[in-house]
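Dear colleague,

I am handing over the structure that we spoke about, and my notes on it follow below. Please read them with the model open beside you.

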Amino acid sequence: MELPATLRQAVDRILEKVPLPDLKQAAKTLSDRYRAELRDGRLHMAQDMAVKAYLTTRMPATYAAVRASLDALAEVRPDFTPKTLLDVGAGPGTVLWATSDLWPELELATLLEASAAVRKIGETLAADAIAARTIWQAGDVTTDLADLQPADLVTCAYVLDEIVPASLPSMVDRLWQLTTDTLLVVEPGTPAGWQRILAVRQQLIAAGAHVLAPCPHEAPCPLNPPDWCHFSRRVARSRLHRLAKEAEVPWEDEKFTYVAASRQPAAFRAARVIAPPKAGSGKVTLKLCEPRGDANERLFTKRDGETFKAARRLDWGGVLESSGT
């Protein structure tokens, strides 16, 4: 998966004259902060160079994870076409671009972001490229949600790992209050990220939300550590990305985890593939999270007819409607 051409061109213009040594150092600092999940009171992208490092090394992967999550919720709610978006902790507008690409009918987007450096670059990227009226608003995701207007789609992507855990329940409660239809939360696909998503999921179910994706049910998660629910998207690395990270491989796999919850139920419930498929001659084994609330590995062979054909086409994260559940 790659960034939309318009976004990629806008990013290239911003990065055109950035000295490579400065970009390398900023990329390393940013990566170290993300990996350590630092909560030291400083913004990860407070400085202009940190934002440019994000555009180079993180935006393509974050975009891929967000877009995959949006695709999953759209698949089980094909009637959902949001007109308004509220994205908190918006960064340079990654969610805005993914949402606009999937739903060009989007009319209004409000983006809450604490960093002035990030907002400036986000506005530059979106200028004359995003059809929806876009409002960038300065604010902290834990303290500045009170005066925001509700939206059809509310999103919070790669943000919770920067928040003090004690602040999360009240923040999630306010995000749900602001959601007129669907709330999407995306986190890094680590065991810790999954635990945060589980806590959000449990809180939303208690508030009466319908889980759309990835879970095909509202039962307790059937997975237990050291296993955890996460997904992956392969992302092409640009030449500058490889140089900044001193990477030889022209791609990377972005692991992510997410939950999409709505005030409306899913149009259908289907088993979801929660691990890479294991394919063989005339057979495929899928690890499935089932609508009845359990998770199992299931073997499909040619004897299963059309179900086998459907199972063989699936990738990690896909849904199998004809799973017999």
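In what follows, please keep in mind that this is a predicted model. I begin with the contacts: among those that join residues at least 6 apart in sequence, 72% are between residues at least 24 apart.

As to the overall build, the protein holds 10 helices and 13 strands, and its C-alpha trace spans about 60 × 45 × 35 Å along the principal axes. The radius of gyration is 20 Å, which agrees with the value near 20 Å that a compact globule of 325 residues would have. Of these 325 residues, 52% count as buried, while the accessible surface comes to about 14,700 Å², with 50% of that area belonging to carbon and sulfur atoms. The protein carries 40 positive and 41 negative charges, and the mean positions of the two sets lie 5 Å apart.

Turning to the backbone, I would draw your attention to the loop between strand 6 (210-213) and strand 7 (231-236), where Pro214 is found. The peptide bond that leads from Ala213 into Pro214 is cis, its omega being near 0°. Pro226 lies in the loop between strand 6 and strand 7 as well, and the bond that joins Pro225 to Pro226 is a cis peptide bond with omega at about 10°.

Two further residues may be worth finding on your screen, since each has a positive phi without being a glycine. For Asp128 the phi angle is near 65°, and the residue sits in the loop between helix 6 (116-126) and strand 3 (133-138). For Tyr158 phi is near 55°, and its place is the loop between strand 4 (151-157) and helix 7 (168-177).

Is each of these side by side with solvent or covered, that is, exposed or buried? Asp128 has a relative accessibility of 87% and, because the cut-off for exposed is over 50%, Asp128 counts as exposed. Tyr158, by contrast, has a relative accessible area of 10%, and since buried means under 20%, Tyr158 is a buried residue.

With best regards

Definitions and conventions: Residues numbered from 1 in each chain as written. Predicted model: local features only at pLDDT ≥ 70, side-chain atom pairs only at ≥ 80, totals over all residues. Heavy atoms only, no water. Helix = DSSP H or I, 4+ residues; strand = E, 2+ residues; numbered from the N terminus. Rg over C-alpha atoms; globule rule 2.2 N^0.38 Å. Buried < 20%, exposed > 50% of the residue type's maximum accessible area, 1.4 Å probe, protein only. Contact = heavy atoms within 4.5 Å. Areas by Shrake-Rupley, 256 points an atom, 1.4 Å probe, with all protein chains shown as cover. Lys, Arg positive; Asp, Glu negative; His and termini not counted. Charge placed at Lys NZ, Arg CZ, Asp CG, Glu CD.
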